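Trainee: I'd like to go through the pockets and the ligand here, and hear what backs up each label. Can we take them one by one?

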Amino acid sequence: MTQAEKELRFQEKIDREIKIEPNDWMPDEYRQTLVRQISQHAHSEVVGMLPEGNWITRAPNLRRKAVLLAKVQDEAGHGLYLYSAVETLGTSREQTIDDLHSGKAKYSSIFNYPALTWADIGTIGWLVDGAAIMNQVALCRTSYGPYARAMVKICKEESFHQRQGYESLIKLCNGTPQQKAMAQDAMNRFWWPALMMFGPSDAESTHSDQSIKWKIKRFTNDELRQSFVDATVPQAEILGLTIPDSNLKWNEERGHYDFSEIDWNEFWQVVKGNGPCNKERLAARVKAKEEGAWVREAASAFAKKRAMKKSA
Ligand code: FAQ
């Protein structure tokens, strides 16, 4: 079969909604796109543990601490499912992590913003996990089998994360004036970075067209961003929080909210490594790898010893 015939068959399979599995033939570009997207997604989950992990010791009570601890552990689990999905495409976990540490691979821009107050933790759950779910529910139907199956479990957990964040904010917004002000301040700082999570506008998105054709992505960046805004505005109204956008307005004709243009200069600056916490985040991951080297060495020495015993 020629390359062109193979590609045609591959596309037919995608069009018929048949999942692509690790041993199936796939175009190199499809494989590379998946490795890029899934590994960046995995890195986002793992780097995303840092701003929240920083608050575990400072949670205001035992219940909040237990919930936050569980959430941060969930994110580690998501990273692991996703690194495994990348391995099914023939790229080792070691390589994937090295690509993050060398700056070759990206992770979500949102995690380069600091979590300054306790209200930021509720806001991250509500807005950041909320944005993540909007994007990830669609990924449950992505064309690559291992990624789609990982996303089903991840989405169930992200949904709990979003709700615990919202519940925490309900408490703050119905608390003292200082607590409400703290929630508003968190909203002011996280709203725009949350909208940036969906990526560049469709006009600027380099990968969207091909990824939609391959059904890796089911919706474009702008479509998902709009759905997020439409779903979130009523939630902010219930909390009594003001969204920091004077142009935010329901558009009867479109059946959607209109909102201001994103500051794309800020977005690209953060993506390129110049956000408020980029250097700190990467340094924390490199340090974790170095400090965990002895654990990996001990584990592989133990595995070798056990294998030797077994064969003897
Ligand atoms: N930040 O052509 P497109 C979470 C890059 S998980 C940084 O539109 P694509 C859970 C993009 O990589 C959050 N870079 O790209 C949690 C590309 O650069 P490249 C992560 C970004 O792939 C919650 C270039 O710009 N979720 O939050 C960003 O078609 C709380 C051009 O962009 C996922 O990763 C960005 N925001 O669409 C954890 C979901 N946006 O690679 C802890 C899976 C774009 O050519 C606490 N990923 N870029 O060098 C996706 O759905 C897609 O990859 C998009 C981007 C939609 C993110």
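Trainee: What makes 19 residues in the lining of the largest pocket nonpolar?

Mentor: Their residue types: Ala, Val, Leu, Ile, Met, Phe, Trp, Tyr, Cys and Pro count as nonpolar, Asp, Glu, Lys and Arg as charged, and the others, Gly among them, as polar. Sorted that way, the lining of the largest pocket also has 15 polar and 12 charged residues. Keep in mind that this is a predicted model, where local features need pLDDT of at least 70, side-chain atom pairs count only at pLDDT 80 or more, and totals for chains, interfaces and linings use all residues. Residues are numbered from 1 along each chain as its sequence is written, and side-chain values use heavy atoms, with hydrogens and water left out.

Trainee: Why is it called a pocket and not a cavity?

Mentor: On a 1 Å grid over the protein atoms alone, a cavity is a set of points where a 1.4 Å probe fits but cannot get out, whereas a pocket is an open set with protein on both sides within 12 Å along at least five of seven lines. Lining residues have an atom within 4 Å of a point. The largest pocket holds about 1,100 Å³ of space, and Q40, S108, M197, F198 and G199 are the closest to its centre among 46 lining residues.

Trainee: Which helix gives the largest share of that lining?

Mentor: α6, with 9 residues. A helix here is a DSSP run (H or I, at least four residues), numbered from the N terminus.

Trainee: How do you know where the ligand sits?

Mentor: A molecule sits in a pocket if more than half of its atoms lie within 2 Å of the pocket's grid points. The ligand sits in the largest pocket, so it passes that test.

Trainee: What makes K106 a polar contact of the ligand?

Mentor: A polar contact is a pair of N or O atoms within 3.5 Å. A polar side-chain atom of K106 lies 2.4 Å from an oxygen atom of the ligand, so the pair qualifies. For R36, an N or O atom of the side chain is 2.9 Å from a ligand oxygen, and for M197, a backbone N or O atom is 3.4 Å from a ligand nitrogen. Both pairs meet the cut-off too.

Trainee: And what about the second largest pocket?

Mentor: That one has about 310 Å³ of space. It is lined by 14 residues, with V46, Y83, R93, I97 and R285 nearest its centre, and α5 gives the most, 5 residues.

Definitions and conventions
Grid points are joined across faces, edges and corners, and a volume is the space filled by probe spheres set on the points. Helices (H or I, at least four residues) and strands (E, at least two) are DSSP runs, numbered from the N terminus. A polar contact is a pair of N or O atoms within 3.5 Å; within protein, one must be able to donate a hydrogen and the other to accept it, and residues adjacent in sequence count only if both atoms are side-chain atoms.
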